[in-house]
Amino acid sequence: MFNQQEESKTNKFALIVKFGSKALTVGLKIFKMFKFGILAAVAFTSYSWMWSWKFAILILLAVGWHEHGHVLAMRRLGFKEAKFIFLPFIGGVSYSKTAWKSYWNTVFIAISGPIAGFILAVITYVGYISTGYPLFAAATSWICLMNLFNLFPISPFDGGHIAKSISMSFHNTKGMIAFGCISIIALFFLVKLHIILFVVFGVIGLVELILSYFQQRRNNKYIKETNKRIDGYIDDLRIYLCKSVEQDYIKYCNDRIEYWEESRPKANNIISMTTNQILISAVGYGSLIGALVLLMHFTSHVPGADIAANFMADK
């Protein structure tokens, strides 16, 4: 009787596990198919709960427009599979399966989102000038605010990608250290503005930067030591070549030399920007920040819009 009960319990547990795994698999497939709509709905619900449905629509519109700017930039560079999704409580993220291989591409993609956001802010500002409707002014100010936060020079935000690309184009190690110092200063301002979520992201980004620095040192050491060993093998083979007269052995040595040359580990370095590209990136980055701040100033006297302006001023 005892064994039959245990076997019955075991069979029930096995059925539950089997059904649960299948249900989870089906659920993941459904989520993958409709993840954009599901995440957008969750984001809208969460923002509506935190503020209001009108403000939730504004956030989704601003985030979607911003992320679509990144997607257009990626597709312009040939990354046709580029997409974006909404992330509740955070904003959104655009992504591509293909990694870009130059800092110039990184800057182009990173700055395209805030530029798209600035264009949207200009459109809403023109709407305010044309109609005098204060909602347009408030939308302008809040869109500018969201894009200004995104331009803070800390990872994983757009400003972090731009600042890191500029710094690393000068020198890998020194540039990484310089970007780390810039990120620490930016974190100080975020702490002062009491934006805890961004501070958490900034700290995570800083830790990731430190880990990548040590990983880069390990990779460089490995490449240097491996290439040194390969040089020794090739030197030995060339000595044998000088002493040998047999054609088969000469062919063998040449094949081995070719093999070792192809076996050399290569540094996965991203192509640095030229001096002109660095200058364009820095001027564009600073000009965009200035334009967003100026547009916020133009609407700061309007009720609703003044909240965003005062928030940046820590009032």
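## A first look at a helix-rich chain

Val 293 counts as partly exposed because its relative accessibility is 44%, a value that falls between the 20% limit for buried and the 50% limit for exposed. Welcome to this structure, which is a predicted model. Its protein chain holds 10 helices and 2 strands, and 38% of its 315 residues count as buried. The points below go from the overall layout to single residues, the cores and a cavity.

**Overall layout**

- Reading along the sequence, you meet the elements in the order α-α-β-β-α-α-α-α-α-α-α-α.
- Take the contacts between residues at least 6 apart in sequence: 66% of them join residues at least 24 apart.

**Two helices to find**

- Helix 2 covers residues 53-76 and has 24 residues.
- From its first C-alpha to its last, helix 2 reaches 34 Å, close to the 34 Å expected at 1.5 Å a residue.
- After helix 2 comes Gly 78, which has a positive phi, near 105°.
- Helix 4 runs through residues 134-150, 17 residues in all, and spans 25 Å between its first and last C-alpha, close to an expected 24 Å.
- Helix 4 is mostly covered, with 13 of its 17 residues buried.

**Three residues, three settings**

- Val 293, the partly exposed residue from the opening, sits in helix 9 (residues 275-299).
- Although Val 293 and Leu 148 are 145 residues apart in sequence, their C-alpha atoms are 7.9 Å apart in space. Leu 148 falls within the 134-150 range of helix 4.
- Pro 303 belongs to the loop between helix 9 and helix 10 (305-312), and it counts as exposed because its relative accessibility of 64% is over 50%.
- Pro 303 has a distant sequence partner too: Ala 137 is 166 residues away along the chain, with 8.6 Å from C-alpha to C-alpha.
- Ser 94 is found in strand 2 (residues 91-95). Ser 94 counts as buried, since its relative accessibility is 16% and the limit is under 20%.
- Beyond its neighbours within four places in sequence, Ser 94 is in contact with Glu 67, His 70, Val 71, Met 74, Lys 83 and Phe 84.

**Nonpolar cores**

- The largest nonpolar core has 60 residues, and the members that touch the most others are Phe 86, Phe 152, Ile 154 and Ile 162.
- Helix 2 gives the most to this core, contributing 10 residues.
- Another core, of 6 residues, lies apart from the largest one; among its members are Ile 234, Leu 237, Leu 241 and Ile 257.

**A cavity inside**

- Rolling a probe the size of a water molecule over the atoms shows where empty space is left.
- This structure holds 1 cavity of 30 Å³ or more, and the largest cavity has a volume of about 30 Å³.
- Its lining is made by Ile 154, Ser 155, Phe 179, Ser 183, Gly 202, Gly 205, Leu 206 and Leu 209.
- Helix 6 (172-192) and helix 7 (196-243) are the elements that give two or more residues to this lining, and helix 7 supplies the largest share, 4 residues.
- By class, the lining of the largest cavity has 4 nonpolar and 4 polar residues, with no charged ones.
- Ile 154 links two topics here: it is named in the largest nonpolar core and also lines the largest cavity.

Notes: Residues are numbered from 1 along each chain as its sequence is written. This is a predicted model: local features need pLDDT of at least 70, side-chain atom pairs count only at pLDDT 80 or more; totals for chains, interfaces and linings use all residues. Side-chain values use heavy atoms; hydrogens and water are left out. The expected span of a helix is 1.5 Å times one less than its number of residues. Buried means under 20% relative accessible area, exposed over 50%, partly exposed in between (1.4 Å probe, protein chains only). A nonpolar core is a set of buried Ala, Val, Leu, Ile, Met, Phe, Trp, Tyr and Cys residues joined through side-chain atoms within 4.5 Å. On a 1 Å grid over the protein atoms alone, a cavity is a set of points where a 1.4 Å probe fits but cannot get out, and a pocket is an open set with protein on both sides within 12 Å along at least five of seven lines; lining residues have an atom within 4 Å of a point. Grid points are joined across faces, edges and corners, and a volume is the space filled by probe spheres set on the points. Ala, Val, Leu, Ile, Met, Phe, Trp, Tyr, Cys and Pro count as nonpolar, Asp, Glu, Lys and Arg as charged, and the others, Gly among them, as polar. Contact means heavy atoms within 4.5 Å.
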